[in-house]
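Hi,

Here's the structure I said I'd pass on. Have a look at it first, and my notes follow underneath.

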Amino acid sequence: TNNKNRTAADIRSIFSKYGGNLGETGSVIYSFKRLGVITLDKTLSQEEELFEFVVDNGSEDLEINEDEYIIYCDLNNLHTLNERIVKKFGETKSAQLMWKSVNSIDVKKDSAEKLFKLLNTLEDNDDVQNVSSNFEVSEEILQTLTQ
């Protein structure tokens, strides 16, 4: 940001509006781990082949969703692992550092509505680059909120 005071006030106001608090620097860092994350389009590899490859090349975790594979690795291994994946499977969608939650908190419906409004408002702020969280919402609650 070009104005830290304005941005801090904006973020503090957003948290306050949705029932949250802005903590001190580092106050929740223990709940997150800094990792490299690589995303790869599912059309570039079969799951089994990619799984064996990333295990052999130092990944920490592999998640799969409808469109892509998400590979987590030690932040010091991100560049090397990404290069190896590109050589073997083709161009990756992204390779970046992120904060991944170590533990999760279950959120109930009334809190989930406020939480999603908070997250959307934070993501809409031009000065916010990334939003990390450690919550889980059941499929039932998600379906009621998206209808």
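The buried residues of helix 2 are covered by, among others, strand 1 (32-41), strand 2 (59-64), strand 3 (68-74) and helix 3 (78-89). Keep in mind that this is a predicted model. The residues being covered are L50, F53 and V54, from a helix that runs over residues 47-56. They sit on the same side of helix 2, because they take up an arc of only 90 degrees around its axis. That fits the general rule: residues three or four places apart in an α-helix point the same way, as there are 3.6 residues a turn. Turned away from that buried side is a face with the exposed residues E48, E52 and D56. After helix 2 comes G58, and its phi is positive, near 90 degrees.

Next, the aromatics: there are two aromatic pairs in the structure. In one, the ring centres of F53 and F89 are 5.3 Å apart with the planes at 90 degrees, so it counts as edge-to-face. Since F53 belongs to helix 2 and F89 to helix 3, this pair ties together parts 36 residues apart in sequence. F53 is buried at 15% relative accessible area, and F89 is buried too, at 9%.

F116 and F135 make an edge-to-face pair as well, 5.7 Å centre to centre and with 80 degrees between the planes. It links helix 4 (109-124), home of F116, to strand 6 (135-136), where F135 lies. Here F116 is partly exposed at 24%, and so is F135 at 22%.

One last thing, on the surface: V28, I29, Y30 and W99 make a nonpolar patch of about 430 Å². W99 is part of strand 4 (residues 94-101) and is partly exposed, at 34% relative accessible area.

Cheers

Methods: Residues are numbered from 1 along each chain as its sequence is written. This is a predicted model: local features need pLDDT of at least 70, side-chain atom pairs count only at pLDDT 80 or more; totals for chains, interfaces and linings use all residues. Side-chain values use heavy atoms; hydrogens and water are left out. Buried means under 20% relative accessible area, exposed over 50%, partly exposed in between (1.4 Å probe, protein chains only). Helices (H or I, at least four residues) and strands (E, at least two) are DSSP runs, numbered from the N terminus. The arc is that of the directions from the helix axis to the C-beta atoms. Contact means heavy atoms within 4.5 Å. Patches are made of residues with over 30% relative accessible area and no salt bridge: like charges are joined within 9 Å, nonpolar side chains (Val, Leu, Ile, Met, Phe, Trp, Tyr) within 5 Å. Accessible areas come from the Shrake-Rupley method with a 1.4 Å probe; for residues, only the protein chains shown count as cover. A salt bridge is a side-chain nitrogen of Lys or Arg within 4 Å of a carboxyl oxygen of Asp or Glu. Rings of Phe, Tyr and Trp (its six-membered ring) pair if their centres lie within 6.5 Å; planes under 30 degrees apart count as stacked, over 60 as edge-to-face and the rest as tilted.
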